[in-house]
Amino acid sequence: MMKKNGWLILFILLSGIQCLYAQSIFSNNPSGFKLSEASIIFDSTDLEVVQTAVHLFQSDIEKVTAKKTALKHELNSSKPAIIIGSLDNSAVIQQLVQSKKINTNPINKKWEAFTIQYIKNYNNKNNDALVIIGSDGRGTAFGVFTASRQMGVSPWNWWADVPVIENPNLYVSTNANLTDAPKVKYRGIFINDEAPALSNWSKEKFGGFNHKFYDKVFELMLRLNANYIWPAMWGSAFYDDDSLNINIAKKYAIVIGTSHHEPLMRAHDEWRRYGGRQWNYQNNPLQLDSFWTKGMQRATNEKIVTIGMRGDGDEPMSEGTATALLETIVEKQRSIIAQTTGKPASETPQIWALYKEVQDYYDKGMRVPDDVTLLICDDNWGNIRRLPKPDEKPRKGGYGIYYHFDYVGGPRNYKWINTNHIPRIWEQMNLAWKHNVNNLWIVNVGDIKPMELPISFFLEQAWNPDRFNQNNLTAFVEKWSTEQLGNKHQKSIAQILNLYTKYNARITPELLDQNTFSLTNYDEFNRVTKEYNRVKNLSDSIFNLIPTAYKNAYFQLVQYPVEASANLYNMYYNVARNHFNYKHKIQSITPYPQKVQYYFLHDAALTNQYHELNNGKWNHMMSQTHIGYTYWQQPEKNVMPTLYHFNADSAKMIEKIMLPILSINNKKFVPKNAPENTFFQNENYVSIEAASFTRNIAGKNASYVEIPNLGKTISAITTHPVTIRNEKTNKETARVEYDFYNNTTGKAIIRIHVSPTLNLYHEKEGLQLGVSLNNEPVEFVSLNKNDGNVDTLEHWQANSIITREIPVTINKQGKQTLKLWHLSPGVVIQKIVIYWNELKPSFLGPPETKIQSKN
Ligand code: REL
């Protein structure tokens with residue numbers, strides 16, 4: 001809590017918060033009753049999670065009003081009240097229902113629904129009340145924390161030191177009336193890849209992944225409307241490490257699961273701990289059965305049981321594993337579930353994860369009972385691998401999705417900093433939602449920090465995917481920024497957050513090095529480094545401007561990721577210059593090696609700064625190594641890049657003249673009288689951003705839309721609705737057209753850059769689109785039919801792009817029209833380059849060659 005008597009800050013914060021929600025519960029103007037004057041009334045026999053939420057709410061109110069609210073259990077108070085309870089378990093709520101003071105029909109019999117209503121004269125003593133009722137325990141808690149957020153208590157208050165601005169004069173508004181319920185049933189996070197950062201931090205602060213640690217995690221989850229977790233499992237075991245962990249799960253009503261390869265509620269590490277012999281069902285069925293039976297007996301809490309089996313340690317099963325054996329395993333596991341719960345297996349929620357090779361078993365025809373949720377997975381890089389076809393027969397257990405914000409594995413770990421860009425998360429999860437993947441969404445969040453932004457977004461999208469569209473994603477980031485950092489700079493902060501995540505999604509910091517961007521072509525490396533520095537400079541200026549109370553949170557949520565990432569760009573850019581000069585024997589007046597050394601040391605200094613925040617509260621949290629990767633696995637420590645020092649006498653040239661010479665050759669063909677916003681040939685290419693179409697022609701059943709900010713350069717386009725596909729013979733399909741002017745004729749290549757969306761419907765040709773030039777016949781191009789090939793897939797993942805090249809012949813100079821036709825859904829086009837002969841290499845492709853409008 002912090003004290004700030006500035007009315008201005010208070011007003012700004014409140015008016016900001018009120019814009020975040022459609023219906024606001026609180027008001028800064030006299031209306032209803034003063035929050036500080038109310039007591040909380042709840043039933044002391046209500047569900048445990050309700051009691052948990054009530055106590056946290058009491059302390060939230062104290063943070064806001066500086067006054068401890070009394071807790072009461074009867075409606076006969078002589079004060080205004082906040083009445084909290086679950087519909088079927090609270091006597092006080094039942095009394096209100098019976099006296100017809102409140103209408104609970106909108107939440108009745110719903111999953112996790114809540115209603116928040118202002119009622120007058122609740123106990124006929126002329127006192128008003130704010131009533132928060134949940135259809136069940138978690139629904140009540142979600143209602144309570146919705147109110148907390150509106151009061152100015154961010155879910156990240158503890159986890160990111162987001163301050164609560166004191167406001168003793170806050171009123172409960174007479175207009176308060178808000179009913180809500182989630183659309184995705186289970187919404188969760190997976191704590192994974194948790195060493196060294198989270199593991200060492202939790203050891204130092206709590207003594208490990210024990211009930212004290214989970215107390216903090218589960219509180220955060222409830223505040224974020226989440227209900228489901230796969231706990232940390234690198235050398236740890238939720239049930240085995242601390243017998244009180246299960247109690248904490250009950251206290252917060254968090255549904256416990258185990259990761260995709262840990263069946264029947266047992267952590268992988270337990271097999272190692274208890275001397276399990278072979279993790280092989282064919283050779284060792286009895287030991288495995290008894291191992292799993294114990295897992296089920298122990299997990300008396302609310303749970304979702306993972307079924308199926310992978311090889312030991314998250315590896316595929318042995319070559320040639322028969323799906324018949326797997327079906328036997330599942331059958332046995334279901335009988336253990338039935339026997340240990342005393343109910344038919346179908347009454348315990350279960351998932352079968354189609355992770356990596358398990359998806360192949362599914363494709364070969366393996367099936368599990370209909371009540372089991374099929375957990376579709378991404379490729380570990382945020383690209384969904386498979387979706388049920390829109391016309392697929394519904395399943396009782398429905399579908400879920402397992403998504404990644406962090407990964408340990410090929411082509412290279414990404415686990416240091418946030419590289420997740422909101423538009424791509426939205427676009428992929430929207431595909432899932434529109435294809436009926438609505439039973440469960442879980443995301444691998446690594447160490448929780450520094451994934452605060454994408455975690456918030458993922459869980460909000462899961463709560464109500466229909467609330468989001470391609471045009472309100474920046475508004476979400478602004479809203480999020482207001483909630484954490486006040487509403488004075490949220491537009492600039494959102495811009496910073498959008499840009500740094502976009503840049504980190506171009507290539508992860510672990511994959512970035514001196515060779516990623518071209519030093520000599522299109523001024524690329526210099527350009528991207530400058531872009532990053534501009535964002536960093538903007539972040540510096542906001543850091544200086546924001547009130548002291550926000551600085552810790554700002555450093556964690558904004559400044560550190562931006563500055564540390566920009567620092568890496570500067571470091572590798574200077575390495576590239578050093579290497580270039582060495583290779584070409586160029587004498588430089590710039591001391592590149594010293595600069596590199598500076599940035600290398602600055603990286604460590606930034607880590608220390610993070611660790612020292614708030615008296616060392618986040619010590620270890622940024623200790624993940626990230627410089628010096630040579631293969632997929634992390635280096636043990638950050639390693640300085642190799643630098644060259646050479647004798648100036650051997651230099652052939654001085655630096656100043658060299659780079660400009662290499663970048664000359666700027667022959668532009670700008671046709672006279674060409675209309676604005678058409679594209680022209682520069683050197684040997686024409687480069688077009690996908691959203692810069694000359695014409696966007698809607699089809700009968702779908703049309704192209706722009707997704708702002710998506711992709712590596714400016715934005716991207718895709719077709720909506722995302723479930724519609726076209727037949728090749730359909731002439732009324734949506735298309736975008738690009739007029740461009742050329743002066744070179746003859747054989748050319750059209751290169752299309754698309755986001756690495758995978759073969760979602762598992763079809764022979766993969767996703768396709770049509771390409772045609774002028775009035776020539778349409779050519780159908782397959783984007784991803786070979787995503788089963790590991791090298792190809794890793795190439796797409798590492799570069800975060802798929803490029804396809806279509807050879808054409810252009811016989812005349814002057815105006816041409818390129819057309820891209822909609823065929824499959826899910827195709828996300830970022831950029832188009834038409835070129836003759838060789839295109840000079842670069843990471844992003846050449847910048848757009850557009851005739852700019854004159855005004
Ligand atoms: O990211 C994943 O889904 C997997 O690599 C992990 O779940 C994996 O199992 C690992 O942390 C440990 O086994």
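Here are legends for three close-ups of a predicted model, two on cavities and one on a strand. Local features need pLDDT of at least 70 and side-chain atom pairs count only at pLDDT 80 or more, while totals for chains, interfaces and linings use all residues. Numbering starts from 1 along each chain as its sequence is written, and side-chain values use heavy atoms, with hydrogens and water left out.

**View 1. The largest cavity holds about 400 Å³ of space.** A cavity here is a set of points, on a 1 Å grid over the protein atoms alone, where a 1.4 Å probe fits but cannot get out; lining residues have an atom within 4 Å of a point. Of its 26 lining residues, Trp381, Thr419, Arg424, Ala505 and Ser800 sit closest to the centre. Helix H16 (490-506) chips in the most, with three residues. The lining splits into ten nonpolar, twelve polar and four charged residues.

**View 2. The second largest cavity comes in at about 80 Å³.** Its lining has 14 residues, with Pro231, Ala232, Phe238, Thr258 and Ala267 nearest the centre. This time the split is eight nonpolar, three polar and three charged.

**View 3. Strand E21 (residues 679-682) has buried residues pointing both ways.** Phe679 and Gln681 point one way, Phe680 and Asn682 the other, and all are buried (under 20% relative accessible area, 1.4 Å probe, protein chains only). Two bridges link E21 to strand E20 (residues 668-669), running antiparallel, and Lys668 has Asn682 as its bridge partner. Two bridges also join E21 to strand E26 (residues 735-742), this time parallel; there, Phe680 partners Tyr741.

Notes
On a 1 Å grid over the protein atoms alone, a cavity is a set of points where a 1.4 Å probe fits but cannot get out, and a pocket is an open set with protein on both sides within 12 Å along at least five of seven lines; lining residues have an atom within 4 Å of a point. Grid points are joined across faces, edges and corners, and a volume is the space filled by probe spheres set on the points. Helices (H or I, at least four residues) and strands (E, at least two) are DSSP runs, numbered from the N terminus. Ala, Val, Leu, Ile, Met, Phe, Trp, Tyr, Cys and Pro count as nonpolar, Asp, Glu, Lys and Arg as charged, and the others, Gly among them, as polar. Buried means under 20% relative accessible area, exposed over 50%, partly exposed in between (1.4 Å probe, protein chains only). Two strands pair if DSSP finds at least two bridges between them.
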